[in-house]
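You asked for a quick read of this one before you go back to the bench. Here are my notes, in no strict order.

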Amino acid sequence: MGETKKREQWGSKLGFILAASGSAIGLGNIWKFPYITGQNGGSAFIIIYLIAIAIVGFPVMLSEFLIGRKTQKDAVNSFKALSPEKPWFFTGYMGVAAAFMILSFYGVVAGWTMTYTWEAVSGNLLSLDASQFPDHFGALIGDPVKPILWQVAFMVLTVAIVLGGVKKGIERWSKILMPLLLILLLIVMFRSITLEGASAGIDFLLKPDFSALTPTSFLVALGHAFFSLSLGMGTMITYGSYLSKDEKLPSAAISVSVADTVIALIAGFAIFPAVFALGMEAGAGPGLLFMTLPGVFQQLPLGTFFATIFFGLVVIAALTSAISILEVPVAFFTEKYNWTRTKATIILGFVITLVGMAASLSMGPWGGFTIAGKNIFDQLDWVSANILLPLGGLFILLFVGFGMKLKEAFEAADFSLDSKFGKTWMFTLRFVAPGFVLLVFLNALGVTGALTAAIIWSITLVFLYLLGVIGD
Ligand code: TRP
C-alpha cells in the first residue's frame with residue numbers, strides 16, 4: 001500500500017558517495033585489513049594493497065557504476081538490458097547468490113561485534129583476566145544461543161533500514177552513520193598514536209620491510225581489494241542504478257576508493273600503535289580484533305570508554321555494508337517478480353538470517369557437520385569470497401572491456417573518447433586487471449602455475465588486441 005512502482009534515486013551526490021562508501025567500509029576495513037596487514041609484515045603489504053586498489057579495484061568499481069547508471073536496473077536486468085542476446089546476465093545471478101551467502105555469515109560476525117560492544121559497556125569484557133580473552137571469544141562463537149540472538153538483532157537493524165528505501169533508508173542512515181564512524185575512529189586513533197611506545201607501531205605501518213612479503217601476500221592484497229571495495233557482486237551496479245545522469249562517475253569512483261582506503265589506514269593507525277605500545281602480538285590473525293584488542297583496552301585509562309566506542313564503530317561499519325548486500329537481492333526481486341520492497345526485504349532478510357543461524361551453529365553444536373571438509377560458516381565465506389566474487393569481477397571487467405562497444409563504455413563512464421584517463425582505464429580493464437583477477441581465482445582453487453596461466457592470459461589478450469581480433 002502506498003508503495004509506488006517508480007524507481008527510486010539518491011537524493012544527492014553526497015548521499016550516494018556516503019552510501020557507496022558505507023558499503024565499502026565494513027568489517028573488511030576494520031577487522032580484516034589490520035589482521036592481514038599484521039600477518040604480512042605491515043607497510044610493504046600496504047604498498048601492494050594500494051597498487052591493487054588502483055589497478056584492479058578502481059577500474060572495476062567504475063565499470064559497476066556505469067553498468068548500473070546506464071541501465072537503471074538491478075544486477076541481473078542491467079546485463080540483460082545492455083546485452084539481450086548473450087548470457088552476461090548470468091553474472092548478476094551469481095551476484096544475487098553471493099549476496100545470500102556473504103550476508104548470512106557477515107551478520108554472524110557483526111553479531112559478535114555487537115556482543116562485544118554490549119559486554120564493553122556493561123563492564124563484563126574488561127573485567128576478565130587478560131589471559132582469558134581467547135577462551136572468552138571461543139566460548140562466544142561456540143555458544144548455541146548467544147551469538148544467534150545478536151545476529152538476529154543485527155539482521156533486524158539491517159532489514160529495518162532497507163525497508164525505508166533508497167533515499168529514506170539507506171541514504172539517510174549512511175549520512176548519519178558514516179560521519180559518526182569517522183569521528184569515533186579518529187578518537188581511537190588519536191588515543192593509540194599518543195601512547196608511550198606507539199612509535200614502534202607507526203614504524204610498522206610506515207617503514208616498508210619487503211622481506212616480510214611472500215607470493216601469497218600479493219594474492220591476499222588483491223582479493224582483499226575486491227572484498228573491501230564491495231566489488232564483483234553487483235552491489236555497486238545496484239547503487240549506481242539509483243544515480244541520475246548528471247553525476248560524474250570517474251570522480252565518484254575515486255572518492256569511494258579513496259575513502260575506503262583511508263579508513264582502512266586509519267583503522268591500522270588506531271590498532272597497531274596500541275598493540276605495539278602494550279606489547280601485544282601484531283600477527284595474531286583473525287582473532288586480533290576479538291582476542292588481542294580487549295587486552296589493549298584493558299591497559300588504557302578510560303579503557304571501557306574506548307572499548308565501547310571502538311566495538312560500537314565496528315557495528316556501524318558492518319551495518320552500512322550489510323544494507324548494501326541486502327539491497328542487491330531486494331532490487332532484483334522487486335524488479336523481476338514485482339514484489340513490493342516490504343515483501344522482498346522481509347522475506348529475503350528472513351531467509352538470509354536462517355542461513356546465518358546455520359553458519360553460527362556450525363561453529364558450535366553443529367561443528368561435526370561439514371561440506372567438502374569445511375563447516376557451513378567457512379564454506380559460505382570460502383565459496384563466495386574465493387569463487388563467486390573474483391569470477392563476478394572478471395565477468396564485469398570483460399563485459400565492459402570487450403562486451404560493450406568502446407564508444408558506449410566511454411560515454412557511459414562520462415569519458416570523452418580522447419580522454420587520456422579514459423584510455424588508461426580501458427587499457428587496464430582489458431589487459432591488466434583480468435590477468436590479476438584470474439590469478440586470485442586460480443590460486444584460490446589451488447591451481448598450481450596460476451601465475452603462468454595469468455601471464456599467458458594477459459599476453460594472449462594483448463596479441464588478440466594488436467591483431468585486431470578484439471576491441472575496436
Ligand atoms: N566491503 C564490505 C567490507 O569491507 C563488505 C561488502 C559489502 C561486500 N558489500 C559487498 C563484499 C559486496 C563483497 C561484495 O566489509
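The points below go from the ligand site through the helices to the surface and the loops.

1. One thing to keep in mind throughout: this is a predicted model. The distances and areas in these notes are computed from that predicted model.

2. Start with the ligand. There are 17 residues around it, and the ones that come nearest are Ala24, Gly28, Tyr106, Phe227 and Ser230. Have a look at the backbone here. Glycine 28 puts a backbone N or O atom 2.8 Å from an oxygen atom of the ligand. Serine 23 has a polar backbone atom 3.3 Å from a ligand nitrogen, and a backbone N or O atom of serine 228 sits 3.1 Å from a nitrogen atom of the ligand. How much of the ligand does the protein bury? Taken alone, the ligand exposes 370 Å², and the protein buries 100% of that.

3. Next, helix α13, residues 288–298. Of its 11 residues, 9 are buried, so the helix is largely enclosed by the rest of the structure. The buried ones are Leu288, Leu289, Phe290, Thr292, Leu293, Pro294, Gly295, Val296 and Phe297. What covers them? The cover includes α2 (27–39), α5 (90–121), α6 (133–142), α12 (249–277) and α14 (303–336).

4. Threonine 158 is another inside residue. You'll find it in helix α7, residues 146–163, and at 0% relative accessibility it counts as buried. Setting aside residues up to four places away in sequence, threonine 158 touches Leu319, Ala322, Ile323 and Leu326.

5. Now the charges. A search of the whole structure turns up 8 salt bridges. One of them pairs the side chains of arginine 7 and glutamate 335, at 3.0 Å from N to O. Arginine 7 belongs to the segment before α1 (13–24) and glutamate 335 to helix α14, so this pair ties together parts that are 328 residues apart in sequence. Arginine 7 is partly exposed, at 23% relative accessible area, and glutamate 335 is also partly exposed, at 31%.

6. For a local pairing, look at helix α8 (residues 166–193). Lysine 175 and glutamate 171 both lie in it, 4 residues apart, which is about one turn of the helix. Their side chains meet in a salt bridge at 3.7 Å, N to O. Which of the partners is buried and which is partly exposed? Glutamate 171 is buried, with 2% relative accessibility, whereas lysine 175 is partly exposed at 37%.

7. Two further bits of salt-bridge chemistry. Lysine 207 bridges to aspartate 203, with the closest N and O atoms 3.7 Å apart. Lysine 207 is exposed, at 56% relative accessible area, while aspartate 203 is partly exposed at 35%. Separately, Glu8, Glu327 and Arg341 are linked in a salt-bridge network.

8. There is a nonpolar patch on the surface, made by Ile347, Phe350, Val351, Leu354 and Val355. Together these residues have about 390 Å² of accessible area. Valine 351 is a handy marker for the spot: it is in helix α15, residues 341–361, and is partly exposed with a relative accessible area of 35%.

9. Towards the later part of the numbering, check leucine 438 in helix α18 (residues 420–444). Leucine 438 is buried, with a relative accessible area of 13%. Not counting its neighbours within four places in sequence, leucine 438 is in contact with Leu394 and Trp457. Leucine 438 and tryptophan 457 are 19 residues apart in sequence, and their C-alpha atoms are 8.5 Å apart in space.

10. Last, two backbone angles to look at. Glutamine 72 has a phi near 55°, which is a positive value in a residue other than glycine. Glutamine 72 is in the loop between α3 (43–71) and α4 (77–82) and is partly exposed, at 21% relative accessible area. Asparagine 338 likewise has a positive phi, near 60°. Asparagine 338 lies in the loop between α14 and α15, and with a relative accessible area of 53% it is exposed.

Technical notes. Residues are numbered from 1 along each chain as its sequence is written. This is a predicted model: local features need pLDDT of at least 70, side-chain atom pairs count only at pLDDT 80 or more; totals for chains, interfaces and linings use all residues. Side-chain values use heavy atoms; hydrogens and water are left out. Patches are made of residues with over 30% relative accessible area and no salt bridge: like charges are joined within 9 Å, nonpolar side chains (Val, Leu, Ile, Met, Phe, Trp, Tyr) within 5 Å. Accessible areas come from the Shrake-Rupley method with a 1.4 Å probe; for residues, only the protein chains shown count as cover. A salt bridge is a side-chain nitrogen of Lys or Arg within 4 Å of a carboxyl oxygen of Asp or Glu. Buried means under 20% relative accessible area, exposed over 50%, partly exposed in between (1.4 Å probe, protein chains only). A residue is near a molecule or strand if one of its heavy atoms lies within 4 Å of it. A polar contact is a pair of N or O atoms within 3.5 Å; within protein, one must be able to donate a hydrogen and the other to accept it, and residues adjacent in sequence count only if both atoms are side-chain atoms. Contact means heavy atoms within 4.5 Å.
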